[in-house]
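Here is my note on the model you sent. The points are numbered so that you can reply to each in turn.

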Amino acid sequence: MARYDDLNTKMIAYATVLSIVILVIVLQGTQALCYSMLNYERSRKDTKIIDAATKIKGEQLESLSGLAKRVEVIDESAPIAKKGEQPTMKKVIRIPIQEAQKLILKELGSAPGA
């Protein structure tokens with residue numbers, strides 16, 4: 001009669017090992033899913049940042065490579081305008097950056113002591 005009340009230890013061991021294996025597989029799958037989602041988000045954010053930076057840099061290069069333009073800007077060396085007065089303006093000629101580099105190299109090359 002005692003045989004019917006005994007626990008089936010082989011079945012308990014088998015169920016324990018099987019549940020451990022399933023648990024490890026589920027944990028590994030969850031970890032892999034989290035890492036792939038994290039990498040996807042990082043790459044998506046990086047491309048947005050690169051796109052924004054490329055756009056800004058392109059706008060800056062475009063503004064620097066324009067033809068010579070006369071522009072009026074506020075003169076920082078002039079005294080500060082009083083309340084109600086217009087600030088002192090000065091005219092500035094803007095040229096392409098490549099031309100400015102050539103002019104600077106030309107000036108430095110012809111400088112005394114060079």
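1. Terms first. A helix here is a DSSP run of H or I with at least four residues, and helices are numbered from the N terminus. By that count, Ser43 belongs to helix 2.

2. Confidence. This is a predicted model. The mean pLDDT of the chain is 82. A value of 70 or more is reached by 88% of the residues. Which elements score lowest and highest? Helix 1 (residues 2-5) has the lowest mean pLDDT, 68. Helix 2 has the highest, 89. Please keep both values in mind when reading the points below.

3. Overall layout. The chain contains three helices and two strands. Their order from the N terminus is α-α-β-β-α. Helix 2 covers residues 9-64, strand 1 covers residues 69-74, and helix 3 covers residues 97-109.

4. Burial and surface. How much of the chain is buried? Of its 114 residues, 4% count as buried. The accessible surface of the chain is about 10,900 Å². Carbon and sulfur atoms account for 64% of that surface.

5. Contacts along the sequence. Take the contacts between residues at least 6 apart in sequence. Of these, 31% join residues at least 24 apart.

6. Nonpolar patch. Five residues are listed for a nonpolar surface patch: Met11, Tyr14, Leu18, Ile22 and Val26. The patch comes to about 500 Å². One of its members, Met11, sits in helix 2.

7. Salt bridge in helix 2. The whole structure holds two salt bridges. One pairs the side chains of Arg44 and Glu41, at 2.7 Å from N to O. Why can these two side chains be placed about one turn apart? Because Arg44 and Glu41 are three residues apart in helix 2, about one helical turn separates them. Arg44 is partly exposed, at 31% relative accessible area. Glu41 is also partly exposed, at 30%.

8. Salt bridge in helix 3. Here the side chains of Glu99 and Lys102 meet, at 3.9 Å from N to O. The cut-off for a salt bridge is 4 Å, so please check this pair by eye. Glu99 and Lys102 both lie in helix 3, three residues apart, which is about one turn of the helix. Are the two partners buried or exposed? Glu99 is partly exposed, with 38% relative accessibility. Lys102 is exposed, with 54%. Exposed means over 50% relative accessible area, so Lys102 falls in that class and Glu99 does not.

9. Ser43. What does the side chain of Ser43 reach? It reaches the backbone oxygen of Tyr40, at 2.9 Å. Ser43 is partly exposed, with a relative accessible area of 37%.

10. Ile74. This residue lies in strand 1. Which residues does Ile74 touch, leaving aside those up to four places away in sequence? They are Pro87, Thr88, Met89 and Lys90. Ile74 and Lys91 are 17 residues apart in sequence. In space, their C-alpha atoms are 8.8 Å apart. Ile74 is partly exposed, with a relative accessible area of 47%. Partly exposed runs from 20% to 50%, so Ile74 falls within that class.

Notes: Residues numbered from 1 in each chain as written. Predicted model: local features only at pLDDT ≥ 70, side-chain atom pairs only at ≥ 80, totals over all residues. Heavy atoms only, no water. Patch = residues over 30% accessible without salt bridge, like charges linked within 9 Å, V, L, I, M, F, W, Y side chains within 5 Å. Areas by Shrake-Rupley, 256 points an atom, 1.4 Å probe, with all protein chains shown as cover. Buried < 20%, exposed > 50% of the residue type's maximum accessible area, 1.4 Å probe, protein only. Contact = heavy atoms within 4.5 Å. Polar contact = N/O pair within 3.5 Å; in protein donor to acceptor, adjacent residues only side chain to side chain. pLDDT = per-residue confidence, 0-100.
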